[in-house]
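Here are my notes on the model you sent, set out as numbered points. Please read them with the structure open beside you.

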Amino acid sequence: MHMTVIGTGYLGATHSACMAELGHEVLGVDVDSAKIDSLKSGVVPFFEPGLPEVLNRNLESGRLNFTTDYGEAAEFANVHFLGVGTPQRRGSYAADLTFVRAVIEDLVPLMKGNHTIFGKSTVPVGTAAQLQELADSLAGPDTNVEIAWNPEFLREGYAVTDTITPDRIVLGVNGGDSRAEEIAREVYAIPLSQETPFLVTDLPTAELVKVSANAFLATKISFINAVSEVCEAAGGDVTALADAIGYDDRIGRKFLGAGLGFGGGCLPKDIRAFMARAGELGADRALTFLREVDAVNMRRRERAVQLTRKLCGGDLLGHRVTVLGAAFKPNSDDVRDSPALSVAGSLSLAGAEVSVYDPQAMDNARKVFPTLNYSPTVEDALTGADVVVLATEWQQFRDLDPATTGELVRRRVIIDGRNVLPVDQWQAAGWDIQALGRNL
Ligand code: UGA
């Protein structure tokens, strides 16, 4: 099948390459010529394991191409995926739909014949219906444009697998004489042949599925982090507790990782946009608990700073703190709303001399927080540290040897902000190891 993918950020670049991998002829489209040039030359402009290989394989096969020309996109295919960003609007909790609307405004007037646009961006419920109205108002006399919604559930770090073998495919359609389901069955023929659940819903349900999934994940993380606060107060151990409740199938251990909490380009902004939209719909009370989810999450960052201060004898000024990690999670170079970078920044603003090391996110971190000291190697970052804070659980940090690490620092004091280190081994090597939600 011929198809375009409009927007070649995280979602769109992955979707273009993976659709080509599934055998389709794909044209990726973006207004950012630097991104397009990079993708055309086989370079993924962000860190995503496995994606460069898929990109290059499909560029070479000729099935994948990129352009900045919307006219070319309108001619190339009758099936389009919309994957542009919906960031948090400045000065508000709501989502900014400027980019999504701009795609419809720029693309639809160029279309001829029957076209289907599958929205993949995370949007407030009601957006697809509004975009359909907008598209109808812009389409020429012999043109019909259908808007369907096909939310994306990929995780950074696992984007390729999540796209090629998704755990479910959700499609929102407008009923009536919709062609979207038939087209989607052809697009996703391979995953559907592998018995991937396929759920066809109305448009608002599909839009809500996406934000509900992210709101649930955020709630699960904040639940365990709230319990973590109680563990700290009562002298319990949140990781043992999470293991114990996680054995209950109805609860499950996944996303009960207590620590510095969630960040990234999705969970934080999505729960806020969900609250804002519910408010607009007069259902704000339904989601007030998400405010608490957000607050618990933010308090974990403060707690890490507070604990570091305590371990520096009550004053951060003049103390050297090493922050291991800058990305919002391992296997990513994404620093958007990163708990690690937020902690590093707060420690620095409170007077600590902070050294940061991250295996992939240094360049992005430097752009967001240029005043921190970025070390070229993990050893360099650790040298002379009074306190070490493990803030992103990269395998490299989990594998650190407590004895050799101990030779580098000034004081053997570490905060495990992600609850991943083998406590016994660190203690045996003479370390004072502290963690969030545990009394060690
Ligand atoms: C999230 C969702 O998991 C995806 O399903 C969704 O498609 C995506 O958002 C999106 O909307 O595009 P992602 O942002 O890549 O994916 O990250 P997650 O793996 O969900 O992790 C989010 C944050 O939660 C990270 O900062 C991570 O460190 C934190 N986390 C995760 C915890 O603090 N504890 C846990 O137990 C799990």
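1. Which helix gives the most to the shell around the ligand? In this predicted model, helix α10, which covers residues 203-234, makes that contribution, with three residues.

2. The shell as a whole deserves a closer look. Of the 21 residues around the ligand, those that come nearest are E156, G257, F262, G264 and C266. Sorted by class, the shell is made up of ten nonpolar, seven polar and four charged residues.

3. As for the position of the ligand relative to the domains, residues of both domain 1 (2-196) and domain 2 (235-440) take part in the shell, and the ligand therefore lies between the two.

4. The domain assignment of the protein gives domain 1 as residues 2-196 and domain 2 as residues 235-440, and their C-alpha centres are 34 Å apart. To the contact between them, domain 1 gives 14 residues and domain 2 gives 16 residues. On the side of domain 1 that touches domain 2, the classes are nine nonpolar, four polar and one charged.

5. Turning to the overall fold, the protein holds 19 helices and 14 strands. Its radius of gyration is 24 Å, close to the 22 Å that the globule rule gives for 440 residues, so the protein is as compact as a globular protein of that length. Along the principal axes, the C-alpha trace spans about 75 × 50 × 40 Å.

6. Two further figures describe the packing of the chain. Of the 440 residues of the protein, 48% count as buried, and among the contacts with a separation of 6 or more, 71% are between residues 24 or more positions apart.

7. Helix α2 (residues 33-40) serves as a local example, with K35, I36 and L39 buried. Seen down the axis of α2, these buried residues fall within an arc of 95°, so they line one face of the helix. A general point of helix geometry is useful here: an α-helix has 3.6 residues a turn, so residues three or four places apart point the same way. On the other side of α2, by contrast, S33 and A34 are exposed.

8. The surroundings of α2 can be followed in the same view. Among the elements that cover the buried residues of α2 are the helices α1 (10-21) and α3 (51-61), together with the strands β2 (25-29) and β3 (64-67). After α2 comes G42, which has a positive phi, near 85°.

Conventions. Residues are numbered from 1 along each chain as its sequence is written. This is a predicted model: local features need pLDDT of at least 70, side-chain atom pairs count only at pLDDT 80 or more; totals for chains, interfaces and linings use all residues. A residue is buried if 20 or more other C-beta atoms lie within 10 Å of its own, exposed if 12 or fewer, and partly exposed in between; C-beta atoms are placed from the backbone. Helices (H or I, at least four residues) and strands (E, at least two) are DSSP runs, numbered from the N terminus. The arc is that of the directions from the helix axis to the C-beta atoms. Two residues are in contact if their C-beta atoms, placed from the backbone, lie within 7 Å. The radius of gyration is taken over C-alpha atoms; the globule rule is 2.2 Å times the number of residues to the power 0.38. A residue is near a molecule or strand if its C-beta atom, placed from the backbone, lies within 6 Å of it. Ala, Val, Leu, Ile, Met, Phe, Trp, Tyr, Cys and Pro count as nonpolar, Asp, Glu, Lys and Arg as charged, and the others, Gly among them, as polar. Domain bounds come from an automatic or database domain assignment.
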